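User: I would like to go through the labels attached to this model and ask, for each of them, what it rests on. Please set the values against the cut-offs as you answer.

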Amino acid sequence: MLDRLRKKRYAILMCGEDSEYLLKRHGGCYGFFTKMLAEEGETWDLYKVVNQEFPEDDDVDFYDGFVITGSCKDAHSNDPWIHQLLTLVHTLNSLNKKILGICFGHQIIGRALGGKVVRSAAGWDIGVSTINLLQSSSSSLNLPSKLSLFKCHRDEVLDLPAEAEVIGWSEKTGIEMFRYGNHMLGIQGHPEFNIDIFLHFIDRITNRNLIQEAFASDVKMKATLRDPDTDAWKTLCLTFLKGQL
């Protein structure tokens with residue numbers, strides 16, 4: 001009875017940097033993830049792991065779940081904070097804690113489990129893409145077999161250990177979504193994005209000379225013509241983080 005009355009507590013492990021625009025318009029990374037996932041009576045904490053701000057070891061067990069965010073960093077690099085994050089994922093796995101990994105977070109979970117994360121041979125995957133869902137997963141959640149989603153990445157999880165199950169794929173990316181047991185879920189795309197956030201990220205990577213302006217303009221134009229299945233992705237993420245998937 002006491003456990004039922006205890007407030008649920010979740011942590012966002014932030015792997016990128018907020019811009020002034022995102023903070024003012026959307027409350028930053030914390031704002032758009034809590035808008036998608038937080039419910040009344042819950043506590044949500046933010047740890048800027050990219051700045052080596054991690055939860056204390058003694059606090060980890062008090063959390064019901066963790067969200068690992070996207071990043072402009074490479075999940076296959078060897079920065080100290082990335083290795084610290086991989087160690088944390090191992091710890092959370094041993095405790096059977098729920099972990100939702102988004103984009104970079106999806107890749108970090110894959111790497112921590114012993115999978116291979118590489119620069120995609122297909123290049124950047126940016127826009128609104130169709131994700132094919134494994135039939136058993138889509139039917140159990142009362143979802144269609146295909147869902148559209150904002151994408152913005154150039155790295156990918158190339159392979160996973162046998163214990164992991166690939167439950168989503170697309171024309172360009174073979175592992176769009178996977179689960180490991182009932183406590184880890186990786187999603188390569190961005191269910192937390194709306195069109196304004198997506199367009200802002202395109203501007204950010206263009207300004208960093210990661211993509212050409214002509215390519216960025218074409219991507220932005222096409223993205224405005226197609227809506228992602230935002231509500232369905234929210235349902236999927238909530239069902240995983242707070243229920244069963």
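Analyst: The model is a predicted one, and a good place to begin is its largest nonpolar core, which has 45 residues, with Phe33, Leu37, Leu100, Ile126, Ile187, Ile202 and Trp233 touching the most other members. Helix H9 gives the most to this core, namely seven residues. Apart from this core lies another, of 33 residues, including Val50, Ala75, Val157 and Leu160.

User: What makes a set of residues such as the one with Phe33 and Trp233 a nonpolar core?

Analyst: The term asks for buried residues of the nonpolar kinds, joined through side-chain atoms within 4.5 Å. Phe33 and Trp233 are among the 45 members that were joined in this way. For Trp233 the burial is also listed within its helix, since in H9 the buried residues are Ala232, Trp233, Leu236, Cys237, Leu238, Phe240 and Leu241.

User: With which residues is Ile202 in contact, once its neighbours within four places in sequence are left aside?

Analyst: Ile202 is in contact with Ile126, Cys152, Ile211, Ala216, Val219 and Lys220, where contact stands for heavy atoms within 4.5 Å. Ile202 also appears in the packing of two helices, for Ile195, Phe198, Leu199, Ile202, Asp203 and Thr206 in H7 meet Glu213, Ala216, Val219, Lys220 and Ala223 in H8. By class, that contact of H7 with H8 has seven nonpolar, one polar and three charged residues.

User: Why are H7 and H8 called roughly antiparallel?

Analyst: The axes of H7, residues 195-207, and H8, residues 213-223, come within 10 Å and cross at roughly 175 degrees. Angles over 145 degrees count as roughly antiparallel, and the crossing angle of roughly 175 degrees therefore makes H7 roughly antiparallel to H8.

User: Why, then, are H3 and H9 described as roughly perpendicular?

Analyst: The axes of H3, residues 28-37, and H9, residues 230-242, come within 9 Å and cross at roughly 80 degrees. The range for roughly perpendicular runs from 65 to 115 degrees, so with an angle of roughly 80 degrees H3 and H9 are roughly perpendicular to each other. At this crossing Lys35, Met36 and Leu37 in H3 meet Lys234, Cys237, Leu238, Leu241 and Lys242 in H9, and by class the contact has five nonpolar, no polar and three charged residues.

User: How do you know that the span of H9 is close to the one expected?

Analyst: H9 has 13 residues, and its first and last C-alpha atoms are 18 Å apart, which is close to the 18 Å expected at 1.5 Å a residue.

User: What makes H5 a mostly covered helix?

Analyst: In H5, residues 104-112, nine of nine residues are buried, and buried stands for under 20% relative accessible area. The residues in question are Phe104, Gly105, His106, Gln107, Ile108, Ile109, Gly110, Arg111 and Ala112. Just after H5, Gly114 takes a positive phi of about 105 degrees.

User: Positive phi values also turn up away from glycine; where are Gln52 and Asn96 placed, and why is Asn96 counted as exposed?

Analyst: Gln52, with a phi near 65 degrees, is in the loop between strand E2 and strand E3, whereas Asn96, with a phi near 60 degrees, is in the loop between helix H4 and strand E4. Exposed begins over 50% relative accessible area, and because Asn96 is at 52%, Asn96 counts as exposed. Gln52 is at 47%, between the limits of 20% and 50%, and is therefore partly exposed.

User: Why do Thr91, Gly181 and Asp218 count as partly exposed?

Analyst: Partly exposed covers the values between 20% and 50%. Thr91, found in helix H4, is at 34% and so counts as partly exposed; Gly181, in the loop between strand E10 and strand E11, is at 42% and therefore counts as partly exposed; and Asp218, in helix H8, is at 31% and is therefore partly exposed. As for distances, Thr91 and Asp57 are 34 residues apart in sequence and 9.3 Å apart in space, C-alpha to C-alpha, while Asp218 and Gly41 are 177 residues apart in sequence and 43 Å apart in space, C-alpha to C-alpha.

How values were computed: Residues are numbered from 1 along each chain as its sequence is written. This is a predicted model: local features need pLDDT of at least 70, side-chain atom pairs count only at pLDDT 80 or more; totals for chains, interfaces and linings use all residues. Side-chain values use heavy atoms; hydrogens and water are left out. Axes are lines fitted to C-alpha atoms, for helices over the stretch in contact, and angles run from 0 to 180 degrees between N-to-C directions. Helices (H or I, at least four residues) and strands (E, at least two) are DSSP runs, numbered from the N terminus. Angles under 35 degrees count as roughly parallel, over 145 as roughly antiparallel, 65 to 115 as roughly perpendicular and the rest as oblique. Ala, Val, Leu, Ile, Met, Phe, Trp, Tyr, Cys and Pro count as nonpolar, Asp, Glu, Lys and Arg as charged, and the others, Gly among them, as polar. Buried means under 20% relative accessible area, exposed over 50%, partly exposed in between (1.4 Å probe, protein chains only). The expected span of a helix is 1.5 Å times one less than its number of residues.
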